[in-house]
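Please open the model in your viewer and keep the sequence panel visible. The stops below each give a selection to make and a description of what is found there.

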Number of protein chains: 2
Amino acid sequence: MSAVPQAVRAYLEANRQRHLEALKALLRIPSIANVNDGACERAAQWCRDHLAAIGFAAEVVQAGGKPNVIAERIVDPTRPTVLVYGHYDVQPPDPLGPWRSDPFEPTVRDGRLYARGANDDKGQLMAQLCALEAWIAAAGELPCNVKVFVEGEEEIGSPHIEPFLAAHAHRLSADTVVISDSEFFAPGVPSITYALRGLAYFEITLHGPAADIHSGIHGGAVRNPVNALARLVAGMHDDTGRVMIPGFYDDVVPLMDEERDAWETLPFDEAAYAWSLGVEGLSGGEAGYSPLERRWARPTLDCNGIVGGYIEAGSKTIIPASAHVKVSCRLVARQDPRRIIDGVRAYVAANVPPGIRHEIAVHAEARPVLVPRQAPSVQAGVAALREAFGGEPVLIRCGASVPITEQFQRLLQVDPVLMGFGLPDDNLHSPNEKFDLGQFYNGAVAAAAFLPHFAEIHANRRG
Amino acid sequence: MSAVPQAVRAYLEANRQRHLEALKALLRIPSIANVNDGACERAAQWCRDHLAAIGFAAEVVQAGGKPNVIAERIVDPTRPTVLVYGHYDVQPPDPLGPWRSDPFEPTVRDGRLYARGANDDKGQLMAQLCALEAWIAAAGELPCNVKVFVEGEEEIGSPHIEPFLAAHAHRLSADTVVISDSEFFAPGVPSITYALRGLAYFEITLHGPAADIHSGIHGGAVRNPVNALARLVAGMHDDTGRVMIPGFYDDVVPLMDEERDAWETLPFDEAAYAWSLGVEGLSGGEAGYSPLERRWARPTLDCNGIVGGYIEAGSKTIIPASAHVKVSCRLVARQDPRRIIDGVRAYVAANVPPGIRHEIAVHAEARPVLVPRQAPSVQAGVAALREAFGGEPVLIRCGASVPITEQFQRLLQVDPVLMGFGLPDDNLHSPNEKFDLGQFYNGAVAAAAFLPHFAEIHANRRG
């Protein structure tokens, strides 16, 4: 059963070229969040004007850094409300050398649109806006209330977003948030992402002698902080890859059998994946879990950087004064980054040997997200993708952190859904970023289908 | 029984001021081996002229880098020959700020001579040359044949010395080499150093993904080379501080009970030593050995530097592409650096996990030195120090490497002796380097006493 009226589908089809031109106009604005040349302000203004033109009450709202755009069209206060999220800022285009066309002069080749932001996230955002326009223009009205929130600092870690969401929680309140900033598991495999990992990022410093000292004259008498750090880090895993920080797994929501079964059917080629990363094989993770399970549903502990002593070319015979390691744990529901850091503090205090002083600094914390697969937003996303793309959509997780997802969940008290239209080879954050036009056009259909599907499921659950 | 004729002693006493002025003249030449301003050539010429003036056939000999000086005075080919070694090059004076007087304008304060090289090694070399002069001038002749070898690149690791020694082995041939480039264990404790540690210095690189990759998207699936390196390094020791490289201890000459007993009587204040290095206590070395034993007579494995991944301020969420560690093993007789490196290669090959590639580079190798304490050179050194300084000399080892000692032993087939006149607070390689004038004057007496003592013990052993 189609939830998108034939007129809306026809409108989207008839206006493809115009919608592509609109996207190209937005892509020509080099809106890089950490560049202060007015481009972000122009992109925000462009989004506001576009939203106003298609029928929304839209406003540019200052947020402490680059401005945000908030828009809404309230059809009927008794109907559910969907908040559409996207971001107009893009990654810097460097390195420029490998680009086959100007990153800010969008170019179509072989049915793909090449430009910085073509996928991430201007293209995906525009698919959503085309859907909203089509409903209003071709069906006369939206099937439910819609709010739109376009951010301008996503690519630099959204430094102002948490207080902004808290301050504007009422204005942004909704029954779900749909985030189109993710991708298909594989071409032809429409995907809803229902979980993201969290993060606990800390740095451990070990201090030995007051200064670097001669390793010949003193070696053997004094504890070496680099050797001590290696021992400390090595002890963070057991031989099976399990993390040995006290309490590390206490709050982990176990992977469900249904999830494992479903993921086993995914078209995942382990050898091809390993080849793409330049490794001989996938090993070293927690025993008893497949690579996908380890990336998506199991917590990790990885060193991100280590340094101590003499690191230039050649040799210097010293016992270093200190050693430093940066470590990040990816967390899964319902691990709490604060508790993990507490466990790290306890582990380090218990395992730093005599003669060595230690310090721990916390660099970042992010909570994991796990949206129930039965949530109306997830089910509506599945129905919308099925309707727009054909084929059976899959439910997947993602190992990375998209902190705004958890912030929406916590501050707006909703189950957000990640319904993205990208493909794995879209070169996000890299030269020659692209967006398949088929994904763009069908993505707009999926965005259009999401609204009635969500309204219906939401009403049924309540009823 | 005094081996130094009264006339020789009286000559040394009467000429102290003139000898001090001669040393000052040499100290005013800023002969830094890695500076090409002609100073080293002038210092070499000064040494040649001085040796010629006191009665030696002396020559400046080019060596590929800074020139060496070779001199000899053959009294009687049937008598034994002593080779005196020293170096005219000095460390750079930086940092200049803390110097209380110009490093190249020697200044006496409180009975100490302050200048770069005052101890290391111009002062100690000059003590030897004064002794030779005194024998010839006051006794009419040396008590045995003497050769002198003055090097000009000691402070930069003697890069040209091994081929030079090999090429001039006949010209330098002797029955022992006396090296005055070491120090007393403590003030008032004259010391002969009869062993030095060797060195095996290598660098291990582990390669993981072809580039740094996202620790969220990929973390858990791929082995992390920094974590793997920590594990590899941690496994190089067991919990008792024993080195776990295969075969590491196979060739170690055990510490003798007499040595342990002798060292226990040395005035070593463990707490004061720890305080001087800025550590809370001495721990972490091999179990079952005292700190002195660990520094002097036991091999070690110390990381000198480690680096991998993101090492700037703040955080970056990557699985690094590679990780590197520099490791040096201090070796004791009769460990062979080549065999140790072979053991490291075997250990690494056996313990690098799947999914990680490794490389090993060797940066330095030096063989350890252990001169029998009964060797004529050692016994002559003890007798000479006793005669010159009073008090009972001690036999000590040193944890560092002085590679020329082993090169003399191997290439000239002799048992060298390290008879030095420095004190532990002489600030070698640091600002305000000094040499106690008492050590200088008594050092010359010790150098004078060494020759007849050695000649006698050598003759007795042969007879």
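Select Leu196(B) first: its bridge partner in S15(B) is Val369(B). These two residues belong to a pairing of S8(B) with strand S15 (residues 369-370) of chain B, antiparallel and made over two bridges. Strands here are DSSP runs of type E with at least two residues, helices are runs of type H or I with at least four residues, and both are numbered from the N terminus. Two strands pair if DSSP finds at least two bridges between them.

The model is a predicted one, in which local features need pLDDT of at least 70 and side-chain atom pairs count only at pLDDT 80 or more, while totals for chains, interfaces and linings use all residues. Residues are numbered from 1 along each chain as its sequence is written, chains are lettered from A and ligands numbered from 1 in the order in which they are written, and side-chain values use heavy atoms, with hydrogens and water left out.

**Strand S8 of chain B**

Extend the selection to residues 191-196 of chain B, which form strand S8. Six of the six residues of this strand are buried, where buried means under 20% relative accessible area, exposed over 50%, and partly exposed in between (1.4 Å probe, protein chains only). Add strand S16 (residues 394-398) of chain B, which pairs with S8(B) in the parallel sense over five bridges. Within that pairing, Thr193(B) has Ile396(B) as its bridge partner. Then add strand S17 (residues 417-419) of chain B, joined to S8(B) by two bridges in the antiparallel sense; here Ile192(B) is partnered by Met419(B).

**Salt bridges within the chains**

Next, select Lys434(B) and Asp425(B), whose side chains meet in a salt bridge of 2.9 Å, N to O. A salt bridge is a side-chain nitrogen of Lys or Arg within 4 Å of a carboxyl oxygen of Asp or Glu. Which of the two partners is buried and which is partly exposed? Lys434(B) is buried, because its relative accessible area is 2%, whereas Asp425(B) counts as partly exposed at 40%. In chain A, salt bridges that share partners join Arg112(A), Asp425(A), Asp426(A), Lys434(A) and Asp436(A) into one network.

Within this network, display Arg112(A) and Asp436(A), which form a salt bridge with an N to O distance of 3.5 Å. This pair links distant parts of the chain, 324 residues apart: Arg112(A) lies in strand S5 (residues 112-114) of chain A and Asp436(A) in strand S18 (residues 434-436) of chain A. Arg112(A) is partly exposed at 29% relative accessibility, and Asp436(A) is buried at 18%. Over all chains, the count of salt bridges comes to 52.

**The start of strand S6 in chain A**

Move to Asn145(A), in strand S6 (residues 145-151) of chain A. At 1% relative accessibility, this residue counts as buried. A polar atom of the Asn145(A) side chain lies 2.4 Å from the backbone nitrogen of Val75(A). Among the residues that Asn145(A) touches, not counting those up to four places away in sequence, are Arg73(A), Asp76(A), Pro77(A) and Val82(A); contact means heavy atoms within 4.5 Å.

**The segment before helix H1**

Select Ala3(A), found in the segment before helix H1 (6-14) of chain A. Ala3(A) is buried, at 15% relative accessibility. The C-alpha atoms of Ala3(A) and Glu387(A) are separated by 8.0 Å, although the two residues are 384 residues apart along the chain. Leaving aside neighbours within four places in sequence, the contacts of Ala3(A) include Trp135(A), Pro452(A) and His453(A).

**Where the two chains meet**

Finally, display both chains together. The contact takes 71 residues from chain A and 70 residues from chain B. Between them the chains bury about 5,400 Å², 53% of it on carbon and sulfur atoms; buried area is the accessible area (1.4 Å probe) that two parts lose on being put together, summed over both. In chain A, Ala221(A), Arg231(A) and Ile306(A) lose the most area to chain B, together 11% of what that side buries.

The interface holds two salt bridges. Select Arg231(A) and Asp239(B) to see a salt bridge whose closest N and O atoms are 2.5 Å apart. End with S11(A), which five bridges join to strand S11 (residues 300-309) of chain B in an antiparallel arrangement; there, Gly309(A) stands opposite Gly305(B).

Note on methods. A polar contact is a pair of N or O atoms within 3.5 Å; within protein, one must be able to donate a hydrogen and the other to accept it, and residues adjacent in sequence count only if both atoms are side-chain atoms.
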